[in-house]
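Please open the model in your viewer with the sequence panel alongside, and follow the stops below in order.

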Amino acid sequence: MDRPENFGNVLIWNQKNHFRANGKVDRGPWLEWWYYKLVIPETRESFHFTYGVINPWDRDQTVPESHSFVRFGDVGGCRILEEHFKVDEFESSYTETKTKIGNNLATDKLIQGSLTDEAGQECSWDIAIERRWAFNAMSWSMKFLNLTNIAWYPAQADARCSGRIVCGSRVYEFEDVPCYQDRNWCTSTPAWWAWVVSNQFENHPDTAFVMGGGKPTILKWIKFKKGVIIGLRHQGKVYAFRPQSAHLIKTQIQFGSWEVEARNLRHKIQVSAGAPCSSFTDVEFATPAGDTFHAVSYTHLRAHETRY
């Protein structure tokens, strides 16, 4: 059986063995997650949701780091809730985007969940998703799962969300707000990783921009200097800039600042953007190695200039 067309947005772990039906099971270190984020433009409030698993093969919990997890983040409120589950409470599909962890559900059309903090306050969500654009950031290289130690697939680089979030006495209801969903999977974490998403441009409702990358490891031992992948959809056309396709990409990425210039065979793009450091929230990811990888999420991106 061949892989599904959407194989980047379904369960990646052990996928090759599954479709070959050879009975083999990958048992190495593995971290895989589905990430969603939405922004309410009127208030600039932002929320993110993560559904993930470490070592999905370890259903007997033989390794201390093995678990599945669900995370909810209120970026502006600097609030993060996370609950760990056993690996055997993680269910995911190889043929459709559908992951269930405990009573929490994530698909490409819907996310639902509920978490409770230490004080007993519950945050719940029920959100419908309309996909507008998927960007195959890694292109041909995504078919080679061992090429790099981490992979990135913006499965819904542009989307709109409608639904409801309830945290204690606060209720957030929204309709057709900008949102985003991506996929990551890795055997180990990179030295650093950065991504920028913007899918709401004034007077350009069909325009969306994504950029992601960092310092991955190539073929398990080559330390890649640094590199990012860029995707732009504008006026019905998609412009892609990828280092694995020998495109020239220059970056100056610092905390809260992104300066990027890229060229492919026919086009050039320059991006200057930033976000105030006070708007960032530290999001901690446990890794298969037992340490912590720090990611930061920001409330609102300020684009100084975009040229193409």
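Begin by selecting A106 together with the residues around it: leaving out anything up to four places away in sequence, A106 touches Y36, Y51, T97, K98, T99 and I111. Bear in mind throughout that this is a predicted model. A106 is found in strand β7, which covers residues 104–107, and with a relative accessible area of 1% it is buried, since buried means under 20%. Before leaving this stop, draw a distance from the C-alpha atom of A106 to that of I127, which lies 21 residues away along the chain; the two atoms are separated by 9.7 Å.

Now zoom out to the whole chain and colour by secondary structure, which should show one helix and 23 strands. The radius of gyration is 19 Å, close to the 19 Å that the globule rule gives for 308 residues, so the chain is as compact as a globular protein of that length. Along the principal axes, the C-alpha atoms fill a box of roughly 50 × 50 × 35 Å. If you colour by burial instead, 51% of the 308 residues count as buried. A contact map adds the sequence view: among contacts with a separation of 6 or more, 55% are between residues 24 or more positions apart.

With the surface switched on, the accessible area comes to about 15,200 Å², and carbon and sulfur atoms account for 48% of it. Colouring by charge brings up 35 positive and 35 negative charges, whose mean positions are 10 Å apart.

Next, select strand β3, residues 67–74, in which H67 lies. Is H67 buried or exposed? Its relative accessibility is 10%, and because buried means under 20%, H67 counts as buried. Show its side chain and you will find that it reaches the backbone oxygen of E65 at 2.9 Å. Expanding the selection to residues in contact with H67, and leaving aside neighbours within four places in sequence, gives V53, I54, H84, F85, V87 and A286.

Stay in strand β3 and move to R71, which is also found there. R71 is buried, with a relative accessible area of 1%. Which side chain should be displayed with that of R71 to see a polar contact? The partner is E82, whose side chain makes a polar contact with the side chain of R71 at 3.0 Å. E82 is also one of the residues in contact with R71 once neighbours within four places in sequence are left aside, and the others to display are H48, F49, T50, I80, L81, L115, V283, E284 and F285.

The last two stops concern backbone geometry, so a Ramachandran plot beside the viewer is a useful companion. Most residues other than glycine have a negative phi. Select A21, which has a positive phi of about 50° although it is not a glycine. A21 is found in the loop between α1 (15–20) and β1 (31–40), and with a relative accessible area of 66% it is exposed.

Finally, go to the loop between β12 (193–198) and β13 (208–214), where N203 is found. N203, likewise not a glycine, has a positive phi of about 70°. The relative accessible area of N203 is 69%, which means that N203 is exposed, the cut-off for that class being over 50%.

Terms used
Residues numbered from 1 in each chain as written. Predicted model: local features only at pLDDT ≥ 70, side-chain atom pairs only at ≥ 80, totals over all residues. Heavy atoms only, no water. Helix = DSSP H or I, 4+ residues; strand = E, 2+ residues; numbered from the N terminus. Rg over C-alpha atoms; globule rule 2.2 N^0.38 Å. Buried < 20%, exposed > 50% of the residue type's maximum accessible area, 1.4 Å probe, protein only. Contact = heavy atoms within 4.5 Å. Areas by Shrake-Rupley, 256 points an atom, 1.4 Å probe, with all protein chains shown as cover. Lys, Arg positive; Asp, Glu negative; His and termini not counted. Charge placed at Lys NZ, Arg CZ, Asp CG, Glu CD. Polar contact = N/O pair within 3.5 Å; in protein donor to acceptor, adjacent residues only side chain to side chain.
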